[in-house]
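Before a model is discussed in detail, it helps to have the sequence and the coordinates in view. The exchange below begins from a request for a close look at a single part.

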Amino acid sequence: MSAPSEDMTSSSAWLDALVDACRERRHRGVIWIPASSELARARALSLWQARAWHAPLWVGEAAPEADIDALSPRQARTRLGREHDLIIFDANAALGFDPDAFGALSGTLRAGGLLVVLTPAEWAHGQVSPDADYARLAHWPHAPATLTAHYLARLARRLLREPSVCRWSDEHATPCPGRLPEANAPAESSPDDACITHDQQEAVHRLTRLRRRRPVVLSADRGRGKSAALGIAAARRLAAGETTLWVTAPRRAAVEPLFERLAALYPQGHRAEMRFHVTLEAGRCEVRFLAPDAVMAALSEPGVDRHAPPTLFVDEAAAIPTPLLARWLDAFPRLAFATTVHGYEGTGRGFQVRFYARLSRRTPDWREIHLREPVRWADGDPLERLTRDMLLLDAMPAGDGEVESALAAGPLRIRWLDREALAHDEHALKTLFGLLVQAHYRTTPGDLRQLLDGPDVRLAVAYAGDTCLGVCQVQAEGGFPVDLAERVVLGERRPRGHLLAQSLAAHGGWQTALTSHWWRIMRIAVHPAVRRHGIGRALVEAVATAARTHDVAHLGVSFGAEAMLIAFWRRLGFISLRLGLTREAASGEHALMMGQSLTSPAGVSLATWSDDFQHLLPSLLAFELAHLETDVVTALLHEGTTPEVNADVCARLERFAQGGGELALVRPWLCRAWLAWWRRQPQEAADEAPGEDTRALHDWAATLFQGRDDEATRAMGRQARIAHWRRLAGLLRCRLRPTP
């Protein structure tokens, strides 16, 4: 666009011209107002009042006028699935810049709309300081003002370099217009009235004809109509005679477009909470939303046939841990996974690395559909490009070939990075952050800020030449004074941060967990092309060496309990300290905390805490953790002292195996014998695929410690189960030698 004339600016004609140009191109415009808070808000208000906008939204502190509803950045996700023509994003001094809110709301602006970003005037000159939102980073004893602001400085640089941004700084009375990309040829519309693009039509076709054991993976960038495609397909499956369909996602708001499409296609239907009901020829039909941690439990509800469960649609699958997805893959014959490729929680690339191989092993006939054509805006949209750039939504690690060649050329080097230098090196930052994104099931824009500005954060990176092969992000914890530690243990204080140290103190009563110094490994990632080359071990060993030089007593880690991860950390010398009693709603996993001692006194404390956990674990498995997955149970039970098995225990096993007594009357001795057998298995052997009898003994832990049927006995009658248990007791007896 050319610069507006004086009479255009005086009559706000420049705004009309900008909106008209955006609508012509089906693009979304960005206006950046780096100015004092008062001036920025006045200018934003003038834009708000200049036109009759569709669903305008003010995000930030209290709006400048009473008739404008202001939305706090913390409430941003409540608007997912909605559409706006104008969003005022006030990132000035009062609340600061919330990366997660910016990422979420940018996708709700529709073509022809404007995003207006208010920032401190200093941003336009590269002079930044921590804003109010940094209070969420400033854990004890740090104050927000003492933190670095590398993240904000990078955002300012990205805004300054983006040519499409219309800038209205405090020294200019009128805006400096940006250059919008030229209009693209309009995409050919879909012949399907319910679908907007050919991509979406093909996705709906595949989802409607979903077959047993042939899952569909639907991948797309934001704005491609992925969730709407799920809604159209759900409606058509109901029309074809299906009466029940389940939907899950990390957040209810993520599936709002799905339910909106259902309501549009079936206006006679009724929506109550997260259920949609409609009566069709097949009878009363229901589409129901379930949180990830409720999906498996719903299979046990009355009226649900576990052998023929409802179809399951999984939206935002990249933000859900792979073990949970795998359980659904086994439990649901008909299911589809939809995932955002470049999104603000989870990425399709990480989902591919972690899950596609498992799909191919278990369901080799699975299919992938990728939506390329935007639905809500056109290709080349300036806001989409800016959002990806600012939030690194398209961060990618180095290519497989580059990584393999670099490692072959060697040598492997572990470097501790300077975070200010990293923030100025876009290539290094993108490859490093891309590696973290693809290795972890959930990554948000806020994680990039934590990486660059979190207090007491350190980055150990594995390089071969200049190629990033692995990264370990470390957070210092602990070091509390005794009086504060006492108040935390008593539940009187809970300072911000120190996740692992505070959890061990508050829930375990271990006050020295707070007074000791920890380095917690927040995230560790190794490039998938060079895994099993000892890079992860080299990173952890480098962290341990550096920690000792800083008089740190413990290393720690907290993660969603999964058997392979537990085995990885145990091989590195970590032991279990605490397991969360409830599943996290989004991940469906119990959080496990493990630790490693770096000094002799620390080793004594850690051994005591681990012994407490092992003593408590059988009781938890019998009650609060009765439904914990068997592989996780056996991984946890592999730790601890191997109990002695004397002749009396062997005689009890023999008597039960030969037909004497009931399982309940011999269970304590069977548990003791099972632990003696299992803890004698080498860690490496425990990780390998076992033989049939060993697998049966392995799975028996569910019956012995949790009082529930394992996979093999679930469909058996009572007599068959007892016979099976007697056979296992005989196997166990044969594999044990009594202690003299």
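What follows is one request and one connected answer.

Colleague: I should be grateful for a close look at helix α21 (residues 563-571). Which residues of α21 and of α23 make the contact between the two helices, and which residues of α21 are buried?

Modeller: This is a predicted model, in which local features need pLDDT of at least 70 and side-chain atom pairs count only at pLDDT 80 or more, while totals for chains, interfaces and linings use all residues. Residues are numbered from 1 along each chain as its sequence is written, and side-chain values use heavy atoms, with hydrogens and water left out.

The names of the elements require a brief explanation. Helices are DSSP runs of H or I with at least four residues, strands are runs of E with at least two, and both are numbered from the N terminus.

The packing of α21 comes first. The axes of α21 and α23 cross at roughly 20° and come within 8 Å of each other; axes are lines fitted to C-alpha atoms, for helices over the stretch in contact, and angles run from 0 to 180 degrees between N-to-C directions. The crossing angle therefore makes α21 roughly parallel to α23, on a scale in which angles under 35 degrees count as roughly parallel, over 145 as roughly antiparallel, 65 to 115 as roughly perpendicular and the rest as oblique. The crossing is left-handed, a term used if the near helix is turned anticlockwise from the far one by less than a right angle, with right-handed used if it is turned clockwise.

The residues that make this contact are A563, I566 and R570 on the side of α21, and D631, V632, A635 and L636 on the side of α23. Contact here means heavy atoms within 4.5 Å.

Helix α23 (residues 630-637) also packs against helix α22 (residues 600-622), with an angle of about 155° and axes 11 Å apart. That angle makes α22 roughly antiparallel to α23, and the crossing of these two helices is left-handed. From α22, the residues F613, Q614, L617 and L621 meet V633, L636 and L637 of α23. L636 is thus named in the contact with α21 and again in the contact with α22.

As for your second question, I566, A567 and W569 are buried in α21, where buried means under 20% relative accessible area, exposed over 50%, and partly exposed in between, with a 1.4 Å probe and protein chains only. I566 therefore appears both among the buried residues and among those in contact with α23. Just after α21, G573 takes a positive phi of about 95°.

The aromatic residues of α21 are best read against the model as a whole, in which a search finds 19 aromatic pairs. Rings of Phe, Tyr and Trp (its six-membered ring) pair if their centres lie within 6.5 Å; planes under 30 degrees apart count as stacked, over 60 as edge-to-face and the rest as tilted. An example outside α21 is the pair of W140 and F480, which is tilted because the planes stand at 45°, with 4.3 Å between the centres. This pair links distant parts of the chain, 340 residues apart: W140 lies in the loop between β5 and α5, and F480 in the loop between β17 (467-478) and α17 (482-489). W140 is partly exposed at 24% relative accessibility, whereas F480 is buried at 3%.

Within α21, F568 and W569 form an aromatic pair that is edge-to-face, with 5.0 Å from centre to centre and 80° between the planes. F568 is partly exposed, with a relative accessibility of 26%, whereas W569 is buried, with a relative accessible area of 4%.

One further detail concerns W140, the partly exposed residue of the tilted pair. A cis peptide bond joins W140 to P141, with omega about 5°, and P141 lies in the loop between β5 and α5.

To return to your request, α21 lies roughly parallel to α23, its buried residues are I566, A567 and W569, and W569 pairs edge-to-face with F568.
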